[in-house]
Amino acid sequence: MSGHGAPTIDLTTLNREETSQLKLAIVAASWHTQIMDGLVDGALRAAKEAGIAEPVLLRVPGSFELPVAAARLAPHFDAVVALGVVIRGGTPHFDYVCQAATSGLTDVSVRTGVPVGFGVLTCDTEQQGLDRAGLPGSSEDKGHEAVTAALATAVTLKQFQ
């Protein structure tokens, strides 16, 4: 399940011997419980498919806190995945949180050289989040996709250590 134009990355085509040796951290926000539960479930399912028995799961209050948690974890892991959801309201708060999360997570990845899977949903409505959360009836599974992208990138970058 992926969006228009998204690449198809099948974890089974990656070398399971390589992926199972990767250390993975998942950092997840706590707002919008139903959507977050779907994102986390999809992320954990992807980790299991890759042979990662015990990914670290760290919960933080919201999407704004994702970059600092990712920054703390990145030096100790081969890949970090950030999961969150921000739903537009009637104030500019949405724009500030989305920009901070995006810029912060990008900075962590570039500064540390550790892939950071971006599973932060930025939605106009709650329904858009539900549609992307990997829940029954969802059209996309962004938690799974974020882990898949991070692990595929980590495997690719391993050859350049």
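This is a short walk through one predicted model, from its middle strand pairings out to a few individual side chains.

Okay, so let's start with strand 1. That's residues 24–28, and five of its five residues are buried, so the strand is largely enclosed by the rest of the structure. If you look at which way the side chains go, L24, I26 and A28 point one way, while A25 and V27 point the other way. Both sets end up buried.

What does strand 1 pair with? On one hand there's strand 3, in the parallel sense, over five bridges. If you want a landmark for that pairing, take A25, whose bridge partner in strand 3 is V80. Then there's strand 2, also parallel to strand 1, with four bridges. The landmark there is A28, bridged to R59 in strand 2.

Now, the packing. The largest nonpolar core has 28 residues, and the ones touching the most other members are L24, V81, L83 and L151. Who contributes to this core? Strand 1, helix 2, strand 3, strand 4 and helix 6 each put in at least two residues. Helix 2 gives the most, with seven.

Click on V81 if you want to see how this works locally. Setting aside residues up to four places away in sequence, V81 touches L24, A25, I26 and V27, then G117, and then A146, V147 and A150. There's also a second, separate core, of 16 residues, and among its members are V27, A70, L105 and V120.

Let's go to the helices, helix 2 to begin with. Here's a quick geometry check: at 1.5 Å a residue, its 17 residues should span 24 Å, and the end C-alpha atoms are 24 Å apart, so that agrees. The buried residues of helix 2 are I35, M36, G38, L39, V40, G42, A43, A46 and A47. And what covers them? The list includes strands 1, 2, 3 and 4, plus helix 5 and helix 6. Right after helix 2 you'll find G51, with a positive phi, near 85°.

Helix 6 gets the same check. It has 17 residues, which at 1.5 Å each should span 24 Å, and its end C-alpha atoms sit 24 Å apart, so again that agrees. On the buried list for helix 6 we have G143, H144, A146, V147, T148, A150, L151, A152, A154 and V155. Their cover includes helix 1, strand 1, helix 2, strand 3 and strand 4.

One name on that list is worth a stop: H144, which lies in helix 6. Is H144 buried or exposed? Buried, because its relative accessible area is 17%, and the cut-off for buried is under 20%. Its side chain makes a polar contact with the side chain of E49, at 2.9 Å.

Next stop, S63. You'll find S63 in the loop between strand 2 and helix 3. S63 counts as buried because its relative accessible area is 6%. The S63 side chain reaches the backbone nitrogen of V85, at 3.5 Å. Leaving out its neighbours within four places in sequence, S63 is in contact with A29, with G84, V85 and V86, with V97 and A101, and with V120.

Over to D131, in helix 5. D131 is partly exposed, with a relative accessible area of 25%. Its side chain has a polar contact with the side chain of Q127, at 2.8 Å. Not counting residues up to four places away, D131 touches S138, S139 and E140. And here's a distance to check on your screen: D131 and K142 are 11 residues apart along the chain, with their C-alpha atoms separated by 9.6 Å.

Last thing, the cysteines. How many disulfides does a search of the whole structure find? Zero. Why is there no bond for C98? The closest cysteine sulfur to the one in C98 is in C123, and at 8.7 Å that's too far for a bond. Looking from the other end, the closest sulfur to that of C123 is in C98, at that 8.7 Å, so C123 is out of range too. As for burial, C98 has a relative accessible area of 12%, so it's buried. C123 is buried as well, at 2%.

That's my tour. Happy to take questions.

Key. Residues numbered from 1 in each chain as written. Predicted model: local features only at pLDDT ≥ 70, side-chain atom pairs only at ≥ 80, totals over all residues. Heavy atoms only, no water. Core = buried A, V, L, I, M, F, W, Y, C linked by side-chain atoms within 4.5 Å. Buried < 20%, exposed > 50% of the residue type's maximum accessible area, 1.4 Å probe, protein only. Contact = heavy atoms within 4.5 Å. Polar contact = N/O pair within 3.5 Å; in protein donor to acceptor, adjacent residues only side chain to side chain. Expected span 1.5 Å × (residues − 1). Disulfide = S-S within 2.5 Å. Pairing = 2+ DSSP bridges.
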